[in-house]
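This report describes the fold of one protein chain for a reader who is new to structural biology. Please keep the sequence and the structure in view while reading.

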Amino acid sequence: MNKGHHKTDNRSLGSKIALRRWLLDKMGITDDVRVLDTCAGAGLVWSAMEEHCTIKRWTRTDIKPRKDAKLTLRMEAAVAIRSLPIHEFNVVDIDPYGEPFDAYRALLLRIRKPTAVFLTHGQQSLRVLSSISHSTLEAIGLPTAWVGPIRGMTGMLDYVKDLCLSQTWSYADVKHAGMIYHRTGGCDVHYYGFALEPYPEPVTPISPLTQKRSVTV
Ligand SMILES: C[S@@+](CC[C@H](N)C(=O)[O-])C[C@H]1O[C@@H](n2cnc3c(N)ncnc32)[C@H](O)[C@@H]1O
């Protein structure tokens, strides 16, 4: 979630709103939305959503300090998900410029109730592996030293992304899923919306997400 991507807030605001409206409607939770907005920025998405649903709680965090400091806690998304009372929210929004997978892994480990999850994944169309964070590489068992030599291996980024997303099924059933794709200014952006219903217990194998490999010999 941390490597240089576009620095323009909400160039695809319309798509984000459409995806959120669609999923909340599918889940039937438009009259009781409690959102943890982990990359809140200027809060444009959920300000606009106020016209379409009843937001009973809106907790905003962002890695960068904001002028509206009273409204937005300065906190990295994965840290917010690990430390805030996640069971009090029915929507978790992870909308950074780059990759959301550190925060998404943290969320999968914590959700216990049906939750609408929104992820934004932006990657340079050149598709160098360096746009994946070290922690994500480590979590899926790829050496971080590969970042340089793997430049240009175009399939690798998609493989990493698919691996990160497929970890969902170790923790939750996906009741509804939507995706919107944009290509703008040398960047591929995918917007995902998932209605997750967590299993009572994670399904094994839970590696490589947690790196607790259950090995039978
Ligand atoms: C596309 S903007 C988000 C726009 C926002 N969702 C809105 O409704 O206006 C991306 C925001 O994510 C924040 N961000 C990027 N990486 C982050 C991280 N790891 N944790 C928390 N916030 C992050 C940036 O500071 C920026 O404000």
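## Residue K175 and its surroundings

Leaving aside residues up to four places away in sequence, K175 touches A195 and E197. The model is a predicted one. K175 belongs to strand β6, which covers residues 172–184.

Is K175 buried, exposed or partly exposed? A residue counts as buried with 20 or more other C-beta atoms within 10 Å of its own, and as exposed with 12 or fewer. K175 has 14 other C-beta atoms within 10 Å and is therefore partly exposed. In sequence, K175 and A116 are 59 residues apart, yet their C-alpha atoms are 9.8 Å apart in space.

## The sheet as a whole

Strand β6 is one member of an open sheet of seven strands. The strands follow the order β3-β2-β1-β4-β5-β7-β6, and their pairing is mixed. At the edges stand β3 and β6, each of which pairs on one side only. On average, neighbouring strands of this sheet are turned by 15° against each other, if direction is ignored.

Helix α4, formed by residues 101–110, packs on the sheet. Helix α4 touches β4 (91–94), β5 (115–124) and β6, and its direction makes about 160° with that of β4.

## Strands β1, β2 and β3

Which way do strands β1 and β2 pair? Strand β1 (residues 33–37) and strand β2 (residues 55–62) pair in the parallel sense, over five bridges. Between these two strands, the chain passes through helix α2 (residues 44–49), and the resulting β-α-β crossover is right-handed. In the pairing with β2, D37 stands opposite R60.

Strand β2 also pairs with strand β3, which consists of residues 72–74. This pairing is parallel as well and has three bridges. Here R60 has T72 in β3 as its bridge partner, while T61 stands opposite L73. R60 thus appears in two places: opposite D37, and as the partner of T72.

## The ligand and its shell

How many residues surround the ligand? The shell holds 19 residues, and the closest are C39, G41, L44, V45 and A77.

The residues of this shell can also be sorted by chemical character. Ten are nonpolar, four are polar and five are charged.

Technical notes. Residues are numbered from 1 along each chain as its sequence is written. This is a predicted model: local features need pLDDT of at least 70, side-chain atom pairs count only at pLDDT 80 or more; totals for chains, interfaces and linings use all residues. A residue is near a molecule or strand if its C-beta atom, placed from the backbone, lies within 6 Å of it. Ala, Val, Leu, Ile, Met, Phe, Trp, Tyr, Cys and Pro count as nonpolar, Asp, Glu, Lys and Arg as charged, and the others, Gly among them, as polar. Helices (H or I, at least four residues) and strands (E, at least two) are DSSP runs, numbered from the N terminus. Two residues are in contact if their C-beta atoms, placed from the backbone, lie within 7 Å. Two strands pair if DSSP finds at least two bridges between them. A crossover is right-handed if, with the strands pointing away from the viewer, the path from the first strand over the helix to the second runs clockwise. Axes are lines fitted to C-alpha atoms, for helices over the stretch in contact, and angles run from 0 to 180 degrees between N-to-C directions.
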